[in-house]
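The following exercises introduce the reader to a protein model. Each task is followed by a solution in steps.

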Amino acid sequence: NITRYYHLELTVLKLSPDGFERPVWTINGQYPGPLIQAYKGDRLVINVTNNLGDPATIHWHGIFQHNTNWYDGVPGQTQCPIPNRVSFTYNYTLEQSGTYWYHSHFLAQYVDGLLGVLIVHDREDPYLDSYDEEYVITVSDWYHSSSAPLLVQRVAPHYTGFNPYPDAALISGVGQYNCSGAPAGCYCNTNVPPPAYKVQKGKKYRFRIINTSAYATFTFSIDNHPLKVIEVEGTLVKNSSAVKVLPIHVAQRYSVILIADQPVDNYYIRASVIDTCLLPRTNDTINYNSSINHNATGILHYHGAGNNKPKSTAYPFTFPLCQDLNASNIRPLKDNPPPNDVTNYFVFETSFARNDDDVGLLGINNSSFVPIFNNPTNQRIMLQENFTDFDTNQNVYGYDIPNGCVQITLLNNQPANHPFHLHGHAFWIVTQGPGAFLSNISTSAYNLKDPVIRDTTMVPEFSHVVIRYIADNPGVWSFHCHIEWHVEMGLVAQLIERPTEFSNETLPDDVRALCMQYDSYSKNHR
Ligand code: C2O
C-alpha cells in the first residue's frame with residue numbers, strides 16, 4: 001500500500017460544457033475535476049488550494065473516514081471552510097473499494113462544477129476477470145446561472161418552495177444545448193460533439209456511472225446493450241439479470257458490465273433527466289421551460305465503425321420511475337446480513353414550513369439545519385430553526401448516536417423526492433416502500449437476510465425507508481437529502497456518533513489552524 005499525492009487547485013473559469021458559456025467552478029482548470037484513483041489500503045494526501053475568491057471545502061462522498069472525521073469536508077460540521085488563497089491538505093486511508101466522487105460541501109458550489117470522480121480499485125476484486133477495460137461516466141443536470149442567484153431565489157420573499165429547473169443534461173461534463181434559446185450576446189455553440197467511448201467487438205467493459213446532479217434523477221442506457229450491475233456504491237453485487245434502463249438518483253453510483261457483442265457500429269449512450277421526478281411538479285418550478293432538452297447523448301463507438309451518426313433506438317422504460325433500482329437486481333455478492341440487535345431506534349420525518357419571512361424551509365422532525373461556518377470543528381453545535389417557534393433559533397446538538405446498531409426509519413410525507421445520503425457509513429436498506437406513516441411499515445416486510453448495502457437511497461414522495469448501520473465510526477456525520485436545493489433549505493440532520501470518544505482537543509493542528517484562518521478571513525470579509 002502506498003501514499004498517493006494529489007494537488008487540486010480551485011479556480012473560476014469560463015467554460016461551455018453544453019455549448020453555453022458561463023463561469024464554472026473548476027478543479028485544475030477542468031470540469032469535472034481530475035479523476036482520482038487509488039487502491040484499497042492506500043493513503044490519499046490531497047492538497048487543496050483555493051483560488052475561487054470564496055471559501056470552499058471538499059467532501060469525499062462515500063469514504064468512511066475512519067479516525068479522520070475531520071477530513072470529511074463538511075463546513076460547520078467537521079471543519080471550517082478553506083478561505084480564498086489558503087491551502088488545506090486532506091489525508092486519509094481507503095478501507096473500501098468502489099466508485100466514489102468528491103465535491104464541494106460549501107453552499108451549492110458543486111452545482112457550479114466543483115466535483116470529480118474518486119475510484120478505489122481492489123487488486124482482489126472478484127470481478128476483475130469479468131471485463132477487459134473500464135470507463136467512468138458522470139451524468140448531471142446543468143444550469144446556465146451560477147448557483148448564488150438561484151439560492152437567492154430560495155430566500156426571496158414569498159419563496160414558493162420549488163427548485164431551480166435545469167437548463168441541460170451532461171454526460172461526463174458534455175451536453176448539447178440548442179443555442180436558439182440563449183440570450184443574445186452570449187457565447188453559445190450548438191454543435192458540441194457528444195463524448196465517445198471506444199470499444200472492440202468481443203471485449204467486455206466496466207462502466208462506472210455516477211449521478212453528480214444537483215436535482216435530477218437520470219435514466220442511463222446504451223442502445224442494444226443491456227448492462228449487468230456488479231457494484232452499488234462500493235458494495236459488489238451478485239450477477240443478476242441485465243438491466244436495460246438504469247435509474248440513477250442524485251449522488252448514487254453503479255458499476256455495470258457491457259459486452260461488446262453487437263454488430264460493429266455506433267450506438268447511442270443516453271442519459272435523460274426524468275422530468276416527472278423533479279418534484280414538486282415541474283410546471284411550478286423556477287424557470288420551468290418545457291422545451292429544454294434534458295437528454296444528453298454519448299456514443300459507443302466500435303473499433304472499425306465509421307463516423308456515421310448512430311441509427312440505434314432507445315429502450316422503452318419498463319420500471320417504476322423515481323425509485324431505487326429494484327433491489328432484487330442488486331443483492332450483495334458476499335453474505336452480509338444486517339445486524340439484528342438494534343440498540344438505537346430513530347424516526348425521522350421530513351417537514352416543510354415557511355418562517356416569518358416567508359422563506360421556505362425543509363427539515364427533519366420539524367427543525368431545519370443552518371450550518372455555522374465559523375464554528376470550530378466538532379463542537380457539536382448547530383443552529384436549527386424550530387418550526388414551532390421561528391424566533392427562537394436554538395443551538396442544538398443534533399442526534400447523539402451511542403455505540404451499537406442504529407435503525408433509522410425515514411418517513412417522507414411530502415410531494416417531493418429525497419435521495420438521502422449518510423456520511424461515514426454504508427447502510428443496509430431493511431425495507432422501503434410507499435406510505436409515510438409508521439403504520440405503513442410492517443416488520444414482517446423487513447429483509448434481514450440479503451438487503452442492499454449503499455450510502456445513498458431514494459425516498460420518493462409519500463414513502464418510507466428503514467435503514468440500519470453499525471455505530472463503529474465516532475465523529476460528526478451528516479445525514480441529508482442530496483438534492484442541493486433541499487440541503488440549502490435545511491434538510492440535514494447531524495448525527496453525533498459516540499460523542500464521548502472525541503473532542504475538539506483531539507483535532508489535528510492543521511484542522512484547528514484552518515479555523516483560525518477562516519476566522520480572520522471572515523472578519524475581513526463581512
Ligand atoms: Cu455527497 Cu454530504 O454529500
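**Exercise 1.** In which sense do β3 and strand β8 (residues 115-121) pair, and over how many bridges?

*Solution.* The model is a predicted one. Within it, β3 and β8 run in the parallel sense, and their pairing comprises 4 bridges. One residue pair may then be located: Y39 has H121 of β8 as its bridge partner.

**Exercise 2.** Determine the strand order of the open sheet that contains β3, and explain what is particular to its edges.

*Solution.* Begin with the order: the open sheet consists of 4 strands, arranged β3-β8-β7-β5, with mixed pairing. Next, consider the edges. β3 (36-39) and β5 (58-61) each have a single partner strand, and therefore one side of each lacks a neighbour in the sheet. Finally, from one strand to the next, the twist averages 20°.

**Exercise 3.** Which residues does UniProt assign to the feature "domain: Plastocyanin-like"?

*Solution.* According to the unreviewed UniProt entry, the feature covers residues 14-124, 133-305 and 382-500. For the stretch 14-124, the composition is 0% helix and 41% strand, and 42 Å separate the end C-alpha atoms.

**Exercise 4.** Describe how domain 1 and domain 3 are placed relative to one another.

*Solution.* First, establish the bounds: the domain assignment gives domain 1 as 1-124, domain 2 as 126-331 and domain 3 as 344-516. Second, the C-alpha centres of domain 1 and domain 3 are 22 Å apart. Third, 21 residues of domain 1 contact 25 residues of domain 3. On the domain 1 side, the touching residues comprise 11 nonpolar, 9 polar and 1 charged.

Note on methods
Residues numbered from 1 in each chain as written. Predicted model: local features only at pLDDT ≥ 70, side-chain atom pairs only at ≥ 80, totals over all residues. Pairing = 2+ DSSP bridges. Helix = DSSP H or I, 4+ residues; strand = E, 2+ residues; numbered from the N terminus. Axes fitted to C-alpha atoms, helices over the stretch in contact; angles between N-to-C directions. UniProt positions renumbered as here; feature names shortened; annotations may be inferred. Domains from an automatic or database assignment. Contact = placed C-beta atoms within 7 Å. Nonpolar A, V, L, I, M, F, W, Y, C, P; charged D, E, K, R; others polar.
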